[in-house]
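Work through the exercises below with the sequence and the model at hand. Try each task before reading its solution.

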Amino acid sequence: MSLESLALIEEWPVPTAAAAVVRADGVVLGTHGPVNQPFALASVTKPLAAYAALVAYEEGAVELDEPAGPEGSTVRHLLAHTSGLAFDEHRVTAAPGLRRLYSNAGFEQLGDHIAKATEIPFGEYLKQAVLEPLGMTSTALDGSPAKEGVSTVDDLVRFAAEVQAPRLLDPRTVAEAMTVQYPGTKGVLPGYGHQNPNDWGLGFEIRDSKSPHWTGGSSSPRTFGHFGQSGTFLWIDPVAGAACVALTDRAFGPWAVEVWPAFTDAVLAELSGAS
């Protein structure tokens with residue numbers, strides 16, 4: 001089947017866009033646009049980095065609750081944006097676990113911690129642990145684990161299928177990653193303002209009852225994923241049994257706030273009608 005709703009990206013005010021939907025069994029239900037074109041991921045890099053961190057955990061290189069980052073913080077705090085580190089600066093602004101302070105610096109310290117533990121540069125570790133096993137040959141990280149990944153829709157479809165039906169990780173580890181860490185924690189969701197609670201898993205944002213939000217009004221509360229300031233997103237809706245990837249080359253802004261939820265609702269409606 002081919003999802004007609006994906007053609008809505010043609011109406012987005014962006015130079016280039018590509019999108020796809022993949023089921024948990026790896027079947028691609030539809031694609032639209034240049035799915036083999038590399039795009040800057042911005043913060044959609046974080047779920048990839050988080051997955052590599054979870055591989056490091058399962059390999060015994062790190063423990064989720066071992067010290068990492070600022071004093072009192074752990075690997076888990078860094079993954080869940082509760083280390084207390086500032087958004088884009090390596091300075092502490094709160095005690096660990098108190099607030100959901102979305103932090104690029106936290107993911108950079110996470111990458112440094114894993115690189116030290118494994119004695120492998122983090123970009124190379126990501127390649128060996130996640131990208132190569134999944135055949136993500138057009139994906140690379142040459143810089144910050146928070147925001148400097150480059151990938152294609154085709155590659156991210158492989159990742160989205162993996163997260164839905166894990167082969168690289170124990171399914172229980174992935175279930176933990178999509179479970180709220182430090183429940184009830186308040187914070188700002190970049191681009192969408194203060195959320196109470198601002199729920200997050202291990203490297204994945206969890207939709208729950210957030211409003212406003214970048215996913216759809218019909219997205220299940222269990223939906224999790226990430227969006228990026230380069231105009232990119234990846235969501236996985238366990239209730240719908242599918243994931244959606246959309247990559248563009250226009251920076252996130254009011255245009256995305258306007259068109260993304262309607263797009264997601266159209267995709268979910270078509271999936272529901274086809275099931």
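**Exercise 1. Place a strand pair in its sheet.**
Find how strands E1 and E2 are joined, then set them in the sheet.

Solution. The model is predicted.
- Step 1. Strand E1 (residues 17-23) runs antiparallel to E2, and 4 bridges join them.
- Step 2. Take one residue of the pair: Ala19 has His32 in E2 as its bridge partner.
- Step 3. Widen the view. The strand order is E2-E1-E11-E10-E9-E8, an open sheet of 6 strands with antiparallel pairing.
- Step 4. Look at the edges. Strand E2 (28-32) and E8 each have a single partner strand, so one side of each lacks a neighbour in the sheet.
- Step 5. Add the helix. H5 (residues 153-164) packs on the sheet and touches E1, E2, E9, E10 and E11. The direction of H5 makes about 25° with that of E1.

**Exercise 2. Classify Asn198.**
Is Asn198 buried or exposed? Which side chain does the side chain of Asn198 meet in a polar contact?

Solution.
- Step 1. Locate Asn198: the loop between strand E7 (193-195) and strand E8 (205-206).
- Step 2. Its relative accessibility is 0%. Buried means under 20%, so Asn198 is buried.
- Step 3. The polar contact is with the side chain of Lys210, at 3.3 Å.
- Step 4. Beyond four places in sequence, Asn198 also contacts other residues, among them Arg100, Thr185 and Leu189.

**Exercise 3. Classify Ala40.**
Which class of exposure fits Ala40?

Solution.
- Step 1. Ala40 sits in strand E3 (residues 39-42).
- Step 2. Its relative accessible area is 46%, so Ala40 is partly exposed.
- Step 3. Contacts of Ala40 beyond four places in sequence are Gly149, Val150, Ser230 and Thr232.

Technical notes. Residues numbered from 1 in each chain as written. Predicted model: local features only at pLDDT ≥ 70, side-chain atom pairs only at ≥ 80, totals over all residues. Heavy atoms only, no water. Helix = DSSP H or I, 4+ residues; strand = E, 2+ residues; numbered from the N terminus. Buried < 20%, exposed > 50% of the residue type's maximum accessible area, 1.4 Å probe, protein only. Polar contact = N/O pair within 3.5 Å; in protein donor to acceptor, adjacent residues only side chain to side chain. Contact = heavy atoms within 4.5 Å. Pairing = 2+ DSSP bridges. Axes fitted to C-alpha atoms, helices over the stretch in contact; angles between N-to-C directions.
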